[in-house]
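Trainee: I have a new structure open and would like to learn how to read it. Could you walk me through a few features?

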Amino acid sequence: MSYYFVNTENKQEGPFLPEELTAHGVNANSFVWREGLTEWVKASDLPELEPYLNSGSSSGPAVPPIPPAAKAQTVEDAPVCDVPKPKSYMVSAIVGMVLGVVPMYYIGILLTLPFGVAGLIYEDRAQTAWRDKRYADMESAASKARIFSLTALFVGIGLWAVLLFILLFFVGSIAAFVPFLFDIF
């Protein structure tokens, strides 16, 4: 009895008995090789394999036909998402960082940048979760984005208020002191 090797997906498998070929997916167009052949040939070219290829007398159960491919879903068929996109706080985070850094550079970096960057990170997470239809994660990330972004904005506004207060205090003090200087000279 001969043993056969099978070439499926450019990979050699075997050796198999003729009765085992159909169980390994061999059909009339599959390439096989056995001792005595000089090259791979189609299974249909070997007369000794005919009883095993397309007959119902194979030792294994009959394989049912492959079902037709499912209809590909198009954009028109896709269900409409009823969860609205989360509100964006990106502008608040960026404005807060700029407002905090401009009047007092080092203090602004320490006070507004951490809040603004955290707001931007959570903003991105909220948008990604919405796109991936993970709505519980979206709500959590959007809430944190709101808190961090608005904190950066209010701290930035607060730093401007402190700067204006300091300027008005010193300008007022100098203005009150200037007439006294003129009286001395």
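Mentor: Gladly. Let's begin with strand pairing: two strands pair if DSSP finds at least two bridges between them. Keep in mind throughout that this is a predicted model.

Trainee: Which strand does β3 join, and how do the two run?

Mentor: β3 is joined to strand β4 (residues 41-42) by 2 bridges, and the strands run antiparallel. One pair to look up is F31, whose bridge partner in β4 is K42. Together β3 and β4 form a hairpin with 6 residues between them. In the turn, G36 has a positive phi of about 105 degrees.

Trainee: Which side chains of β3 are buried?

Mentor: The general idea comes first: in a regular strand the side chains alternate between the two faces of the sheet. Here V32 and R34 point to one face and are buried, while F31 and W33 point to the other and are not.

Trainee: R34 is an arginine. What does its side chain meet?

Mentor: Side chains of opposite charge can pair when their charged atoms come close. In this model R34 and E48 meet in a salt bridge, at 2.8 Å from N to O. R34 lies in strand β3 and E48 in the loop between β4 and α1 (50-53), so the pair ties together parts that are 14 residues apart in sequence. R34 counts as buried because its relative accessible area is 18%, under the 20% cut-off. E48, at 32%, is partly exposed.

Trainee: How many salt bridges does the whole structure have?

Mentor: The search finds 3. Look at R134: its side chain meets D132 at 3.7 Å, N to O, and it also forms a salt bridge with D137, where the closest N and O atoms are 3.0 Å apart. Shared partners join D132, R134 and D137 into one network. R134 is partly exposed, with a relative accessible area of 37%.

Trainee: What lies around Y3, in the segment before β1?

Mentor: Leaving aside neighbours within four places in sequence, Y3 is in contact with P15, F16, L17, W33, R34 and E35. The C-alpha atoms of Y3 and E35 are separated by 7.7 Å, although the residues are 32 apart along the chain. Y3 itself is partly exposed, at 48% relative accessibility.

Trainee: Now the helices. Is S149 buried or exposed?

Mentor: S149, in helix α5, is buried, with a relative accessible area of 0%. Beyond its neighbours within four places in sequence, S149 is in contact with Y89, S92, A93, F115 and G119.

Trainee: And which residues make the nonpolar surface patch?

Mentor: M90, I94, V98, V102, W160, L164 and L167 make a patch of about 620 Å². Helices α2 (90-101) and α5 (135-184) each supply at least two of its residues. V98, in helix α2, is partly exposed at 48% relative accessibility.

Trainee: Finally, where is the pLDDT low?

Mentor: Where pLDDT is low, the predicted coordinates should not be read in detail. Across the protein the mean is 77, and 72% of the residues reach 70 or more. Among the elements, helix α4 (residues 113-131) has the highest mean, 91, and strand β1 (residues 4-8) the lowest, 70. Over residues 56-64 the pLDDT stays under 50, and the model has 3 contacts for them beyond four places in sequence. Residues 70-80 are also below 50, with 4 contacts beyond near neighbours in sequence.

Conventions. Residues numbered from 1 in each chain as written. Predicted model: local features only at pLDDT ≥ 70, side-chain atom pairs only at ≥ 80, totals over all residues. Heavy atoms only, no water. Patch = residues over 30% accessible without salt bridge, like charges linked within 9 Å, V, L, I, M, F, W, Y side chains within 5 Å. Areas by Shrake-Rupley, 256 points an atom, 1.4 Å probe, with all protein chains shown as cover. Salt bridge = Lys/Arg side-chain N within 4 Å of Asp/Glu carboxyl O. Helix = DSSP H or I, 4+ residues; strand = E, 2+ residues; numbered from the N terminus. Buried < 20%, exposed > 50% of the residue type's maximum accessible area, 1.4 Å probe, protein only. pLDDT = per-residue confidence, 0-100. Contact = heavy atoms within 4.5 Å.
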